[in-house]
Amino acid sequence: MKRILFTLLIVLTAQLSFAGGGWPQPKQKGYFKLGQSFIYSSQLFGPQGDLVDITTIGLYSTSLYGEYGFTNRLTGILYFPFFVKNTLNEVQFRQSGNVVPGDEFSSIGDTDIGIKYGLITGKPVVVSASLVLGLPLGSTSGGDSQILQTGDGEFNQIIRIDASHSFYPRPFYATAYVGFNNRTNGFSDEARFGFEVGATFKKFIPILKLDVLQSFMNGTTPSSQNGIFSNNMEFVSPVIELNYQAAERWGVSISGAFALAGQNVLASPNLGFGLYFNL
């Protein structure tokens with residue numbers, strides 16, 4: 001089985017799905033999460049989906065995610081990675097003895113702002129539409145090497161449709177989504193889709209997701225070899241997320257993403273944890 005997959009691009013997708021799916025936030029209610037994700041990898045899935053050895057790369061991201069209901073149908077969305085650290089390990093060549101020093105760089109990351117609108121509410125199946133704008137606030141050239149990144153440098157616009165169903169009074173729900181990501185600065189456009197199922201057992205909330213990203217391969221920017229902010233990235237990724245509602249308004253979560261297939265993306269464990277609060 002191929003290794004666990006991580007990419008910064010799925011963070012927002014996972015958080016949107018957990019926080020609301022097709023359900024917009026009620027008026028003056030909200031969901032907020034302080035999260036930490038990290039990856040450390042010496043391999044990536046290459047352009048043909050094969051595993052390629054690379055200089056070990058690390059990415060550590062601390063972020064704030066929030067949804068707030070302006071009305072019962074209109075919800076504001078924010079994803080702000082306020083601290084992103086990118087590291088590159090030292091490399092020593094055995095035959096020559098030459099050493100390429102390691103490097104690291106920290107900055108804020110690319111930020112997403114958006115709105116979600118409830119198209120169908122109060123029905124057995126609820127449907128919402130979202131527009132999310134990706135702001136290129138991260139750096140594309142950092143560290144002594146000037147090759148470390150905390151963003152991809154392109155402004156993107158995501159249009160997404162979510163449909164969800166609750167099996168109440170049974171403690172289960174299901175949701176599915178499809179989206180289109182228009183990207184600038186020579187990056188290829190993308191299709192995004194997936195589904196999730198979850199359950200609420202008193203304070204324990206397990207969630208299983210499947211996220212898929214497919215590149216249209218219509219860009220002009222070459223695919224980089226860092227496996228984090230690459231162009232023409234693709235993946236099929238199951239995600240397991242475990243949440244514990246520690247109190248009435250707040251709880252903790254841990255997550256892991258597992259790769260079934262991918263290209264131009266790091267091939268190593270993705271682990272995440274966070275604290276969330278319901279307004």
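Which residue does aspartate 162 meet in a salt bridge? The partner is arginine 160, and the N to O distance between the two side chains is 2.9 Å. The model is a predicted one, and the values that follow are computed from it. Aspartate 162 is buried, with a relative accessible area of 2%. Arginine 160 is buried as well, at 5%. Both values fall under the 20% limit for a buried residue.

This pair belongs to a wider set, since a search of the whole structure finds eight salt bridges. One of them joins lysine 116 to glutamate 67, with 3.6 Å between the closest N and O atoms. Lysine 116 sits in strand β7 (residues 111-120) and glutamate 67 in strand β2, so this bridge ties together parts that are 49 residues apart in sequence. Lysine 116 and glutamate 67 are both buried.

Another bridge runs between arginine 183 and aspartate 152, whose closest N and O atoms are 3.2 Å apart. Here the two residues come from loops: arginine 183 from the one between β10 and β11 (190-199), aspartate 152 from the one between β8 (125-135) and β9 (156-166). The bridge therefore ties together parts that are 31 residues apart in sequence. Arginine 183 counts as buried at 6% relative accessibility, and aspartate 152 counts as buried at 9%. Arginine 183 and aspartate 152 also take part in a network of salt bridges that links them with Glu154, Glu190 and Arg192.

Next come the nonpolar cores. The largest one has eleven residues, namely Ile39, Leu44, Ile54, Ile57, Leu59, Val84, Leu88, Leu148, Ile228, Phe229 and Leu266. Strands β1 (30-45), β2 (51-69) and β3 each give two or more residues to this core. The biggest contribution is that of β2, with three residues. Leucine 88, one of the core members, shows what surrounds such a side chain. Beyond its neighbours within four places in sequence, leucine 88 is in contact with Thr55, Thr56, Ile57, Gly102, Asp103, Ile147 and Leu148. Apart from this core lies another, of eight residues, including Tyr65, Ile77, Tyr173 and Ile205.

Aromatic rings form a further set of contacts, and the whole structure holds seven aromatic pairs. In one of these, the ring centres of phenylalanine 180 and phenylalanine 216 are 5.8 Å apart and the ring planes stand at 65°, so the pair is edge-to-face. Phenylalanine 180 lies in strand β10 (residues 172-182), while phenylalanine 216 lies in the loop between β12 (204-215) and β13 (234-244), so the pair ties together parts that are 36 residues apart in sequence. Phenylalanine 180 is partly exposed, with a relative accessible area of 34%, and phenylalanine 216 is partly exposed at 45%. Elsewhere, ring pairs link Tyr31, Tyr65 and Tyr276 into a cluster. Tyr65 is also among the residues of the eight-residue core.

The surface has a nonpolar part too. A patch of about 1,000 Å² is made by Leu34, Leu64, Phe82, Phe83, Ile108, Leu137, Tyr244, Trp250, Val252, Leu275, Phe277 and Leu279. Strands β3 (74-88), β14 (250-257) and β17 (270-278) each supply at least two of the patch residues. Leucine 275 is found in β17 and is partly exposed, with a relative accessible area of 46%. Strand β3 thus appears in two settings: it gives residues to the largest core and to the surface patch.

Methods: Residues are numbered from 1 along each chain as its sequence is written. This is a predicted model: local features need pLDDT of at least 70, side-chain atom pairs count only at pLDDT 80 or more; totals for chains, interfaces and linings use all residues. Side-chain values use heavy atoms; hydrogens and water are left out. Patches are made of residues with over 30% relative accessible area and no salt bridge: like charges are joined within 9 Å, nonpolar side chains (Val, Leu, Ile, Met, Phe, Trp, Tyr) within 5 Å. Accessible areas come from the Shrake-Rupley method with a 1.4 Å probe; for residues, only the protein chains shown count as cover. A salt bridge is a side-chain nitrogen of Lys or Arg within 4 Å of a carboxyl oxygen of Asp or Glu. Helices (H or I, at least four residues) and strands (E, at least two) are DSSP runs, numbered from the N terminus. Buried means under 20% relative accessible area, exposed over 50%, partly exposed in between (1.4 Å probe, protein chains only). A nonpolar core is a set of buried Ala, Val, Leu, Ile, Met, Phe, Trp, Tyr and Cys residues joined through side-chain atoms within 4.5 Å. Contact means heavy atoms within 4.5 Å. Rings of Phe, Tyr and Trp (its six-membered ring) pair if their centres lie within 6.5 Å; planes under 30 degrees apart count as stacked, over 60 as edge-to-face and the rest as tilted.
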